[in-house]
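Colleague: Got a minute to go through this model with me? I have some quick questions about it.

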Amino acid sequence: MRVAVIGAGTMGSGIAQVCAMAGHDVAVFDSDPAKVDGSLETMRSSLDRFAAKGKLGDDTSQVVLDRVHPAPSIAGACDGVVVVIESVVERISVKHEVFTQVAAHAPGDALLGTNTSQLSITMVGSVLGDAASRLVGMHFFNPPVLMRLVELVKGLQTDEATVTRAEEFARSLGKETVVCRKDSPGFMTSRVSAIVRLECLRMLEEGVGTPADIDKALRLGLNFPMGPLELGDFNGLDTYLDALESLEVAHGERFRPTVTLRNLVSAGRLGRKTGSGIYRYAADGTKVDEGAA
Ligand code: NAD
């Protein structure tokens with residue numbers, strides 16, 4: 001099956017790899033060609049690790065990589081495809097730009113998926129006209145090659161047949177699915193993870209514990225792979241803030257960001273990428289304190 005992945009960042013790259021590992025031919029487009037080059041490099045080393053563990057079946061990493069084709073444009077990527085997966089930055093204006101072009105160039109029966117982690121699917125599809133019936137939220141998790149779930153989200157205009165096709169496609173990738181039948185921002189997963197993070201930020205603000213102890217409590221007591229505060233620094237506190245602000249608009253004040261989070265972002269303390277956030281970091285990214293926010 002021919003698949004187009006639009007956006008070759010963290011998620012698009014992983015999604016393209018998952019599709020190629022499942023035997024699909026994948027055209028990849030990114031507005032920044034360097035991202036596609038970087039993505040091919042990342043895929044190569046990841047595939048080599050899979051091959052070394054004997055997890056590519058009869059394929060070699062080169063065979064899988066040969067199924068991935070950089071495309072010069074969205075039009076080129078969408079030529080003759082059965083499925084398009086959009087995974088560009090989480091900004092509605094950019095997603096609209098992309099889907100306007102996808103609608104113009106993809107075959108009239110292509111399945112259209114958006115990997116948004118929380119935006120309304122109906123809003124993403126508002127530029128698609130009748131093709132909105134073929135758009136479904138296809139929310140992969142990071143890293144897509146390891147995470148088993150694809151959360152499917154039905155927009156107001158999404159046909160039931162589109163949901164069924166998306167379930168079949170996700171199965172072809174070896175993934176499990178859940179279906180959000182109501183187009184509710186944050187879906188089932190992002191909204192729960194946002195509220196957990198927020199509760200940790202509230203405890204921090206109330207002085208219930210140090211950042212290090214709050215993270216340790218969730219890691220060791222509740223089996224979280226990473227503490228929500230350290231994860232916030234890892235993903236970027238500006239990203240945390242954006243997500244909470246849009247969930248507050250959708251679901252009300254229970255998602256209101258804390259003052260401390262706003263202050264950290266205003267001060268440019270965005271986490272690892274700026275050297276400090278809730279914790280402080282050395283140049284090589286190692287944590288150098290117990291958190292002082
Ligand atoms: P990213 O910043 O790593 O990648 C986004 C890519 O989009 C970049 O490579 C950028 O060059 C490209 N891009 C921007 N404008 C474009 C355009 N007009 N045409 C083509 N490419 C364009 O971001 P990401 O983390 O991969 O996130 C992508 C999507 O996946 C977002 O909607 C995000 O919410 C969602 N998502 C992210 C995660 C995560 O953990 N990072 C998990 C699930 C879903």
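Modeller: Sure, here are your questions with my answers, and bear in mind that this is a predicted model.

Colleague: What radius of gyration does the protein have, next to what a compact globule would have?

Modeller: The chain has 293 residues, so a compact globule would come out near 19 Å. The value for the protein agrees with that. Its C-alpha atoms fill a box of roughly 55 × 45 × 30 Å along the principal axes. The radius of gyration itself is 20 Å.

Colleague: How many helices and strands are there in the secondary structure?

Modeller: The protein has both kinds of element. Counted up, the secondary structure is 12 helices and 8 strands.

Colleague: How far apart are the centres of domain 1 and domain 2?

Modeller: The domain assignment puts domain 1 at 2–180 and domain 2 at 189–274. The two do touch: 6 residues of domain 1 are in contact with 6 residues of domain 2. Taken over C-alpha atoms, the separation of their centres is 28 Å.

Colleague: Is Ser190 buried or exposed?

Modeller: Ser190 sits in helix α8, which covers residues 189–206. Leaving out residues up to four places away in sequence, it touches Ser117, Gln118, His139 and Leu247. Its relative accessible area is 11%, and the cut-off for buried is under 20%, so Ser190 counts as buried.

Colleague: And Leu47, which residue 14 places along the chain has its C-alpha atom 5.2 Å away?

Modeller: Leu47 belongs to helix α2, residues 33–52, and is buried because its relative accessibility is 1%. Beyond four places in sequence, Leu47 touches Gln17, Met21, Leu56, Ser61, Val64 and Leu65. The one whose C-alpha atom is 5.2 Å from that of Leu47 is Ser61.

Colleague: What share of the contacts between residues at least 6 apart in sequence join residues at least 24 apart?

Modeller: Here we're looking at contacts across the protein, starting from pairs at least 6 apart in sequence. Of those, the share joining residues at least 24 apart is 65%.

Colleague: How much of the accessible surface belongs to carbon and sulfur atoms?

Modeller: Buried residues make up 47% of the 293 residues. The accessible surface of the protein comes to about 13,700 Å². The part belonging to carbon and sulfur atoms is 53%.

Colleague: Last one: how far apart are the mean positions of the positive and negative charges?

Modeller: There are 30 positive and 37 negative charges to place. The distance between their mean positions is 3 Å.

Note on methods
Residues are numbered from 1 along each chain as its sequence is written. This is a predicted model: local features need pLDDT of at least 70, side-chain atom pairs count only at pLDDT 80 or more; totals for chains, interfaces and linings use all residues. Side-chain values use heavy atoms; hydrogens and water are left out. Helices (H or I, at least four residues) and strands (E, at least two) are DSSP runs, numbered from the N terminus. The radius of gyration is taken over C-alpha atoms; the globule rule is 2.2 Å times the number of residues to the power 0.38. Buried means under 20% relative accessible area, exposed over 50%, partly exposed in between (1.4 Å probe, protein chains only). Contact means heavy atoms within 4.5 Å. Accessible areas come from the Shrake-Rupley method with a 1.4 Å probe; for residues, only the protein chains shown count as cover. Lys and Arg count as positive and Asp and Glu as negative; His and the chain ends are not counted. The place of a charge is taken as NZ of Lys, CZ of Arg, CG of Asp or CD of Glu. Domain bounds come from an automatic or database domain assignment.
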